[in-house]
Amino acid sequence: MNNLIIAFNVVLPLFLCISLGYFLRQIKLVDEFSLNKINKLCFKVFLPIYLFDSVAKTDLSSAFNGKVVLFAVSSLVVLYIALMLIVPRIEKDNKKCGVIIQAIFRSNFALFGLPMAASLCGEEDLGPTSLLIGIIVPLYNVLAVITLETFRGGKPNFKKILKGIITNPLIIAPALGALVYLLGISFPSAIEKTITDLGRVATPLSLVALGGSFTFHKVRGYTKQLILGISGKLIFTPLVMVSIAAALGFRNETLVPIMIMFGAPTAVSSFPMAQQMDSDGELAAQFVVFTSAFAILSIFLWIFVLKQLTLI
């Protein structure tokens, strides 16, 4: 029961923010124009600040585990390549195809990682999770840009993809955060507090905008895509990756971040990025909403199974 409460407490705040956004849209306190502005603001300002702050404060040298890093990065790249080969054979609409691929490989690791790892492993064993957040989240963003640019329409333009990577705020920000960490730069307390406070705005505001943009009547038109993306994200991907990690000997504080990385719902930031890069923003929104909903059950099951097998 305690594990269910942990999973529920991590996921429920997401739904409350989404529900608030939906309610605000229904009472016409926000409209499509204002929601688009909010999404742009989150994508270009608040989410980059959040990522900058998270990476700058991540102790990359604490509890460094090369085996965990190697497995996380290589397994993510292998998954990404497999998705880029398989999904286009199933979904022919490029704008939907890019969103499906992003929804499966890109999780809410930054949001779920530390609170879940703290609950499962204790505050003293957060090193591997903190380390992976600082490495994997920027990698998510690079792969997402490549994906959405590739399926933007027409023949992939590699110069355009490269430009999209080096000019994307969600890639620039964590890179600057890593630079600040490596150079040992510290900010005055007033500046640091301002950065932290602004970063905290990112997730709830993105979720409110997501809820306001969500329309239930369009769900039926995305049935095939949602089944493919949700099952891939919450069932098949964690099943394969966590099984391989366990077989390789990962346990406790080294297995937990792998489980969260592949088992957490689709990243909130995937929605504004999809909108800003001319992909199917409506489908991206539905992936965030539905994977967050079903993650209450799936994360509970993963925690329960791994505890029963004494792997965590």
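F52 is buried in this predicted model, since its relative accessible area is 14% and the cut-off for buried is under 20%. That makes F52 a handy place to start, with its aromatic partner coming up shortly.

First, the overall build. The protein chain has 13 helices and 0 strands, so reading along the sequence simply gives α-α-α-α-α-α-α-α-α-α-α-α-α. Of its 312 residues, 53% count as buried. The accessible surface adds up to about 14100 Å², and carbon and sulfur atoms account for 68% of that. As for who touches whom, take the contacts in the protein chain with a separation of 6 or more: 84% of these are between residues 24 or more positions apart.

Now back to the rings. The count of aromatic pairs in the model comes to 5. One of them joins F52 and F187, with 6.3 Å from centre to centre and 55° between the planes, which puts the pair in the tilted group. This pair links distant parts of the chain: F52 sits in helix α2 (residues 32-56), F187 sits in the loop between α8 and α9, and 135 residues separate the two. The partners also differ in how much they show. F187 is partly exposed because its relative accessible area is 32%, whereas F52, at 14%, is buried.

A second pair brings together Y80 and F105. Their ring centres are 5.3 Å apart and their planes meet at 85°, so this pair is edge-to-face. Y80 belongs to helix α3 (residues 66-90) and F105 to helix α4 (residues 94-105), so the pair ties together parts of the chain 25 residues apart in sequence. Both Y80 and F105 are buried. The story doesn't stop at two rings, either: Y80, F105 and Y140 form one aromatic cluster.

F187 turns up again on the outside of the model. Together with I172, L176, L179, L183, I185 and I191, F187 forms a nonpolar patch on the surface, and the accessible area of these residues together is about 610 Å². Which helix gives the most to the nonpolar patch? That is helix α8 (residues 169-183), with 4 residues. F187 itself is found in the loop between α8 and α9 (189-213). So F187 has a place in a surface patch and also pairs with the ring of F52, a residue that is buried.

Another spot worth a look is L228, in helix α10 (residues 223-247). Is L228 buried or partly exposed? With a relative accessible area of 24%, L228 counts as partly exposed, because buried would need a value under 20%. Leaving aside residues up to four places away in sequence, L228 touches I90, I100 and I104. Take I100 as an example: L228 and I100 are 128 residues apart in sequence, yet their C-alpha atoms are 7.8 Å apart in space.

Finally, the cysteines. A disulfide is a covalent bond between the sulfur atoms of two cysteines. How many disulfides does the structure hold? The number is 0. Two residues to find in the view are C42 and C97. C42 counts as buried because its relative accessibility is 0%, and C97 is buried too, also with a relative accessibility of 0%.

Methods
Residues are numbered from 1 along each chain as its sequence is written. This is a predicted model: local features need pLDDT of at least 70, side-chain atom pairs count only at pLDDT 80 or more; totals for chains, interfaces and linings use all residues. Side-chain values use heavy atoms; hydrogens and water are left out. Patches are made of residues with over 30% relative accessible area and no salt bridge: like charges are joined within 9 Å, nonpolar side chains (Val, Leu, Ile, Met, Phe, Trp, Tyr) within 5 Å. Accessible areas come from the Shrake-Rupley method with a 1.4 Å probe; for residues, only the protein chains shown count as cover. A salt bridge is a side-chain nitrogen of Lys or Arg within 4 Å of a carboxyl oxygen of Asp or Glu. Buried means under 20% relative accessible area, exposed over 50%, partly exposed in between (1.4 Å probe, protein chains only). Contact means heavy atoms within 4.5 Å. A disulfide is a pair of cysteine sulfur atoms within 2.5 Å. Rings of Phe, Tyr and Trp (its six-membered ring) pair if their centres lie within 6.5 Å; planes under 30 degrees apart count as stacked, over 60 as edge-to-face and the rest as tilted.
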